[in-house]
Amino acid sequence: MTRPSFRYSVFALVREAFREHRGWPRAWASPEPRGHYQVIIVGAGGHGLATAYYLGRNFGIRDVAVLDKGWLGGGNTGRNTTIIRSNYLQDPSAAIYEKARALYETLSQELNYNIMFSPRGVLMLAQTEHELKGYQRTARANALQGVDTRMISPAEVKKLVPIIRLDGPRYPVLGGLWQPRGGVARHDAVAWGYARACSDMGMHIIENCAVTGIDTTGGRVFVRDLVRVRVVPGAEFGARQEEELKHRVRLRLGESVRVEVERVKEIERTANGKFRAVVSKIGAGLQ
Ligand SMILES: Cc1cc2nc3c(=O)[nH]c(=O)nc-3n(C[C@H](O)[C@H](O)[C@H](O)COP(=O)(O)OP(=O)(O)OC[C@H]3O[C@@H](n4cnc5c(N)ncnc54)[C@H](O)[C@@H]3O)c2cc1C
């Protein structure tokens, strides 16, 4: 189901200021996982969430779940240097870097979420002859690829960054590779903005859900994250034994796997007469 979209605006900010910010809705929903999705994306970082968002926006595919073993954006996306640039060397990847950089220009407006993109320019200093030659090569390659970068002299560097010491402290500045439309953005806000938009489209963002395996059986994909252990309890089986059992299962499968113990009267047998002692719920349900 699609949630009604909440518009962030200066009016909303003023309104909330007057009611102690108690009216902000949750940015994205935390639904119970369904048994089946058309698309399941593992990892709610920038790539996973962007994939979900553009699947929905460009292709109308909205029956999507994004699973993350931790919190959303808590991987590399939430801890990087925040630089946005496309001044790379190789022809095969130049277009995708430039496309990605250009998307940042309007992403805050598109998502109605401030990703704090600031196209203040990116300057990479050459401090050895080797670096200088490398950056000159990149600048020429970028010119052929249609990417707006150029080499600038030490004097131009000083003009852009008056605080800089061109003669050191360790190595002199010999020049700089300058990309005027590069900049910085808050990458975890990028993840939050995409998550909010995905949630608005009815997609499921499911945190604290580690995928421990992917089975492909009969042409269908099964994702595993929850293990239910069915137990016929004896008289001595109490809470302590249950915790010990869960602990042992997690030791084998990983700490982030959810383990549930289900007390049953008997364990059903499979068609060939064997016991089905452990059932992976998601493995059976997410097809
Ligand atoms: C120190 C550092 C500085 C960087 N600086 C920059 C920079 O300035 N500019 C730039 O553009 N890039 C930079 N990068 C690179 C950039 O951060 C990454 O390329 C980008 O964040 C990758 O996004 P992602 O979504 O692929 O991965 P991640 O953000 O790492 O997301 C992967 C997600 O998958 C989840 N996950 C993993 N395994 C499972 C599982 N089994 N089940 C469920 N979920 C799982 C993780 O919890 C995580 O949230 C930097 C990276 C680092 C480490």
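## Reading the fold and the ligand shell

Trainee: Where do I start with contacts in this predicted model? What share of contacts in the protein between residues at least 6 apart in sequence join residues at least 24 apart?

Mentor: Look at separation along the chain. Here 74% of those contacts join residues at least 24 apart.

Trainee: How many helices and strands does the protein have?

Mentor: Count the secondary-structure elements. There are 8 helices and 13 strands.

Trainee: How do I read the radius of gyration of the protein?

Mentor: Set the value against a compact globule of equal length. For 287 residues that globule would have a radius near 19 Å, but the protein has 26 Å. Then check the box. Along the principal axes, the C-alpha atoms fill roughly 85 × 50 × 40 Å.

Trainee: Which residues belong to each domain?

Mentor: Read the bounds, then the spacing. Domain 1 covers 91–184, and domain 2 covers 212–287. Their C-alpha centres lie 52 Å apart.

Trainee: What percentage of the residues in the protein are buried?

Mentor: Burial is a count of neighbours around each residue. Of the 287 residues, 26% are buried.

Trainee: Now the ligand. Which residues around the ligand come nearest?

Mentor: List the shell, then rank by distance. The shell holds 21 residues, and Gly43, Gly45, Gly75, Asn80 and Thr81 come nearest.

Trainee: Which element gives the largest share of the shell around the ligand?

Mentor: Map the shell onto the elements. Helix H2, residues 46–59, gives the largest share, with 3 residues.

Trainee: How do the shell residues divide by chemistry?

Mentor: Sort them by class. The shell has 13 polar, 6 nonpolar and 2 charged residues.

Key:
Residues are numbered from 1 along each chain as its sequence is written. This is a predicted model: local features need pLDDT of at least 70, side-chain atom pairs count only at pLDDT 80 or more; totals for chains, interfaces and linings use all residues. A residue is near a molecule or strand if its C-beta atom, placed from the backbone, lies within 6 Å of it. Helices (H or I, at least four residues) and strands (E, at least two) are DSSP runs, numbered from the N terminus. Ala, Val, Leu, Ile, Met, Phe, Trp, Tyr, Cys and Pro count as nonpolar, Asp, Glu, Lys and Arg as charged, and the others, Gly among them, as polar. The radius of gyration is taken over C-alpha atoms; the globule rule is 2.2 Å times the number of residues to the power 0.38. A residue is buried if 20 or more other C-beta atoms lie within 10 Å of its own, exposed if 12 or fewer, and partly exposed in between; C-beta atoms are placed from the backbone. Two residues are in contact if their C-beta atoms, placed from the backbone, lie within 7 Å. Domain bounds come from an automatic or database domain assignment.
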